[in-house]
Amino acid sequence: MMYLTKLTLLSPPISILSRERYSRMDVDVAGINLLLDTPYYWSHRRAVMEFLATHPIFRKRDFTGMSVSEQRSLVMEQVRVFTQESGLFCFRDYWENPARWAATLEPVAYVGNNMLTKCGVLFSLFGATLAIVGSDYHRESLWKDVQTLKMRGCFCLTELGHGSDARSIETVAVLCAETKEFILNTPSDSAQKYWIGGLALHCSHGIVFAQLFVDGVNEGVHAFLVRLRDENNNVVSGVHIMDCGAKSGLNGV
């Protein structure tokens, strides 16, 4: 194993080079970029960065003076423009081509953590759980709805009384043998899902984690795909959503 023990400055810092000498320096910019960035899908990654750098909607990064709802709407529109207009985003890459998926989403961090986190909620927390934990039906029949944002999802694990301690969550799902339905219920205040990213304004569906009971027997924690809002973005019957309000950061999520 080799360790760097001494660093020798072979040339003066660029800041003290004359403009003439600097212009004559032979710098392999592409080689440096390839060294610093991942070599996997480098050209694709550069195309993503070019799109994010040139489209005007991504230049709005200062949220000063904007309300929480305005911040959320802006970030949602940024996600829509990137995923629907760039021609560079494919949700199926998550399980079919993870290296390309990483090359697609990593540059989003340059726009800001709000957009990066929003993408993470929609496509990694919600979408990937749907694709990996769900059945072949969920993955093959619903992935396009996730891709096109027709299905805008969130990840409903955290509870007020239990945080992300999955084994201790109180939300209950009971299998009704007569109707062949799962009936989900929040039995106490501490069981309410809390701090769910994206839920307050835009999400149409949620992956809801609950204790599954079949014939009175607790079968442990399972994940359920639950409709939260209708096509007009109205909260559906039986679901109650409240806004936690402004946070110290990531209010665009």
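Leucine 250 counts as partly exposed, at 34% relative accessibility. Here buried means under 20% relative accessible area, exposed means over 50%, and partly exposed lies in between, with a 1.4 Å probe and protein chains only. Leucine 250 has a positive phi of about 55°, although it is not a glycine. Its place is in the segment after E5.

The model is predicted: local features need pLDDT of at least 70, side-chain atom pairs count only at pLDDT 80 or more, and totals for chains, interfaces and linings use all residues. Residues are numbered from 1 along each chain as its sequence is written, and side-chain values use heavy atoms, with hydrogens and water left out.

Asparagine 233 also sits in the segment after strand E5 (217-227). It is not a glycine, yet asparagine 233 has a positive phi of about 70°. The table lists partly exposed residues with their places.

| Residue | Relative accessibility | Place |
|---|---|---|
| Asparagine 233 | 32% | segment after strand E5 (217-227) |
| Leucine 250 | 34% | segment after E5 |
| Alanine 223 | 35% | strand E5 |
| Threonine 186 | 42% | loop between strand E3 (181-185) and strand E4 (205-214) |

**Overall layout**

The chain has eight helices and five strands. Helices (H or I, at least four residues) and strands (E, at least two) are DSSP runs, numbered from the N terminus. Along the sequence the pattern is α-α-α-α-α-α-α-α-β-β-β-β-β. Of the 253 residues, 34% count as buried. Contact means heavy atoms within 4.5 Å. Among contacts with a separation of 6 or more, 63% join residues 24 or more positions apart.

**Helix packing**

Two contacts involve helix H7 (residues 113-132). Axes are lines fitted to C-alpha atoms, for helices over the stretch in contact, and angles run from 0 to 180 degrees between N-to-C directions.

How do the axes of H4 and H7 cross? The axes of helix H4 (residues 68-85) and H7 come within 9 Å and cross at roughly 70°. H4 and H7 are therefore roughly perpendicular to each other. Angles under 35 degrees count as roughly parallel, over 145 as roughly antiparallel, 65 to 115 as roughly perpendicular and the rest as oblique. H4 passes H7 in a right-handed crossing. A crossing is right-handed if the near helix is turned clockwise from the far one by less than a right angle, and left-handed if anticlockwise. H4 contributes Val75, Met76, Gln78, Val79, Phe82 and Thr83 to the contact, and H7 contributes Asn114, Met115, Lys118, Cys119, Leu122 and Phe123. By class, these residues are eight nonpolar, three polar and one charged. Ala, Val, Leu, Ile, Met, Phe, Trp, Tyr, Cys and Pro count as nonpolar, Asp, Glu, Lys and Arg as charged, and the others, Gly among them, as polar.

H7 and helix H8 (residues 136-147) pack at an angle of about 160°, with axes 9 Å apart. That makes H7 roughly antiparallel to H8. H7 passes H8 in a right-handed crossing. On H7 the contact is made by Leu122, Phe123, Phe126, Gly127, Leu130 and Ala131, and on H8 by His138, Arg139, Leu142 and Val146. The classes are seven nonpolar, two polar and one charged.

In helix H6 (residues 98-105), Trp101, Ala103, Thr104 and Leu105 are buried. These residues pack against helix H3 (42-54), H4, helix H5 (93-96) and H7.

**Aromatic groups**

The whole structure holds 11 aromatic pairs. Rings of Phe, Tyr and Trp (its six-membered ring) pair if their centres lie within 6.5 Å; planes under 30 degrees apart count as stacked, over 60 as edge-to-face and the rest as tilted. Phenylalanine 91 and tryptophan 95 form an edge-to-face pair, 5.3 Å centre to centre with 80° between the planes. Phenylalanine 91 is buried at 1% relative accessibility, whereas tryptophan 95 is partly exposed at 24%. Phe82, Phe89, Phe91, Tyr94, Trp95, Trp101 and Phe123 form one aromatic cluster.

**Two strand-region sites**

Which residues does alanine 223 touch, not counting those up to four places away in sequence? They are Val133, Ile207, Val208 and Phe209. The C-alpha atoms of alanine 223 and leucine 157 are separated by 9.0 Å, with the residues 66 apart along the chain.

With the same exclusion of residues up to four places away, threonine 186 touches Ala191 and Gln192. Threonine 186 and valine 172 are 14 residues apart in sequence and 6.5 Å apart in space, C-alpha to C-alpha.
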